[in-house]
Amino acid sequence: MSERGDQAFRKTDPRGRWAEMGYAGALSFLRRPYSRDAAGADVVVSGLPWDGATSNRPGCRLGPRAIRAASAETAQLNAFPWGFDPFETLRVIDWGDAWIDPHHPQTVAPAIEAHAAAILDAGARMLTLGGDHFVTWPLLKAHAAKHGPLALIQFDAHGDLWEDDPERIDHGTMMGRAIRDGLVDAATSAQVGIRTFHDSDEGLEILTAPFVHREGVAATVQALRARVAGAPVYVSFDIDVLDPAFAPGTGTPVPGGLASWQALEILRGLSGLNLVGLDLVEVSPPYDHAEITAIAAATVAHDWLCLLAEAKGAPRRAVGRL
Ligand SMILES: [Mn+2]
């Protein structure tokens with residue numbers, strides 16, 4: 001009987017990799033072992049299958065499942081452009097999906113906050129697969145409780161700063177609330193890829209999509225690094241920061257967005273910062289084609305893990321001109 005395959009439920013040590021059939025087998029994010037034991041893990045991956053706060057097209061409750069499936073191929077190869085296997089350095093488990101009751105929507109944010117607090121209390125970082133962008137609100141609460149006010153880097157077509165009230169369950173208003181409640185320090189935070197209008201910047205650095213297109217990746221990275229320097233950096237990556245050509249599978253697409261390569265290069269430019277958490281939200285598989293969106297999402301999450309692996313000592317190895 002072969003000892004290969006199905007690492008998701010057969011492997012106990014979260015380090016290293018096994019051979020898998022890329023197209024088959026038990027899915028987890030990047031084939032990490034499923035576990036509810038966050039103690040000793042560097043990173044806990046979990047899904048938040050919730051889309052009750054969407055304002056246009058729903059479907060991102062199916063995001064975690066699709067991103068796990070799309071991550072299977074990436075799990076097999078040494079990471080590019082890093083040149084290492086991040087799981088030689090980083091212990092990463094897949095916790096599965098948090099239990100969310102869509103029929104009692106007022107319980108959703110407290111349930112997510114408690115889920116996050118339990119993982120952070122165990123000493124692990126979180127990599128969270130949404131779900132709509134409202135899930136970031138309770139995630140920020142839990143992370144700010146641990147780290148203090150956060151330096152937010154929000155990749156997004158939308159600022160999510162629209163008119164809010166404290167009881168509102170809305171994926172377009174919670175960032176203003178996070179600033180007003182002191183979870184996010186606007187003075188050290190930035191938004192990237194924005195291409196919708198807000199009457200105020202709320203004190204944030206807003207690097208619009210036209211700025212990225214005109215000034216380029218290097219200037220964008222430079223502005224971000226200057227903004228967040230020294231602070232605990234929480235990255236919230238709304239997949240709709242990508243142009244609909246690169247991420248059709250999302251609920252509120254806006255033309256004029258970033259190409260996958262631009263977003264990846266900007267993210268890779270965050271090397272060496274104090275990266276405390278990542279959420280990857282708004283992947284809506286019913287609107288996706290050929291897994292374009294889910295593969296982009298899986299790659300972004302994978303590269304964030306590579307940033308952590310590098311910070312923990314994984315040696316970069318370049319083959320070819322980078
Ligand atoms: Mn958005």
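This text describes the manganese site of a predicted model and the residues around it.

An unreviewed UniProt entry lists His-133, Asp-156, His-158, Asp-160, Asp-238 and Asp-240 under "binding site". These positions are spread over 108 residues of sequence, yet they cluster in space, with a largest C-alpha distance of 12.2 Å.

Several of these residues recur in the coordination of the manganese ion. Its protein donors are an OD atom of Asp-156, ND1 of His-158, an OD atom of Asp-238, and Asp-240, which appears twice through OD; they lie 2.1 to 2.7 Å from the ion. Along the sequence, the donor residues follow the spacing D-x1-H-x79-D-x1-D.

The surroundings of individual donors can be taken in turn. Asp-156 has a relative accessible area of 0% and is therefore buried. His-158 is found in the loop that runs between strand S4 (151-155) and helix H5 (174-180). Because its relative accessibility is 9%, under the 20% limit, His-158 also counts as buried. Leaving aside residues up to four places away in sequence, His-158 touches Ile-194, Thr-196, His-198, Asp-240, Thr-252 and Val-254. One of these contacts, Asp-240, is itself a donor to the manganese ion.

Asp-238, in turn, belongs to strand S7 (residues 233-238). Its relative accessible area is 2%, so Asp-238 is buried. With residues up to four places away in sequence again set aside, Asp-238 touches His-133, Phe-155, Asp-156, Val-281 and Glu-282. Among them, His-133 and Asp-156 also appear in the UniProt list. In addition, a polar atom of the Asp-238 side chain lies 2.8 Å from the backbone nitrogen of Asp-240.

Notes. Residues are numbered from 1 along each chain as its sequence is written. This is a predicted model: local features need pLDDT of at least 70, side-chain atom pairs count only at pLDDT 80 or more; totals for chains, interfaces and linings use all residues. Side-chain values use heavy atoms; hydrogens and water are left out. UniProt positions are given in the numbering used here, feature names are shortened, and annotations may be inferred rather than shown by experiment. Helices (H or I, at least four residues) and strands (E, at least two) are DSSP runs, numbered from the N terminus. Buried means under 20% relative accessible area, exposed over 50%, partly exposed in between (1.4 Å probe, protein chains only). Contact means heavy atoms within 4.5 Å. A polar contact is a pair of N or O atoms within 3.5 Å; within protein, one must be able to donate a hydrogen and the other to accept it, and residues adjacent in sequence count only if both atoms are side-chain atoms. Donors are N, O and S atoms within 2.8 Å of the metal (3.2 Å for Na, K and Ca); water is not among the atoms, so sites may look incomplete.
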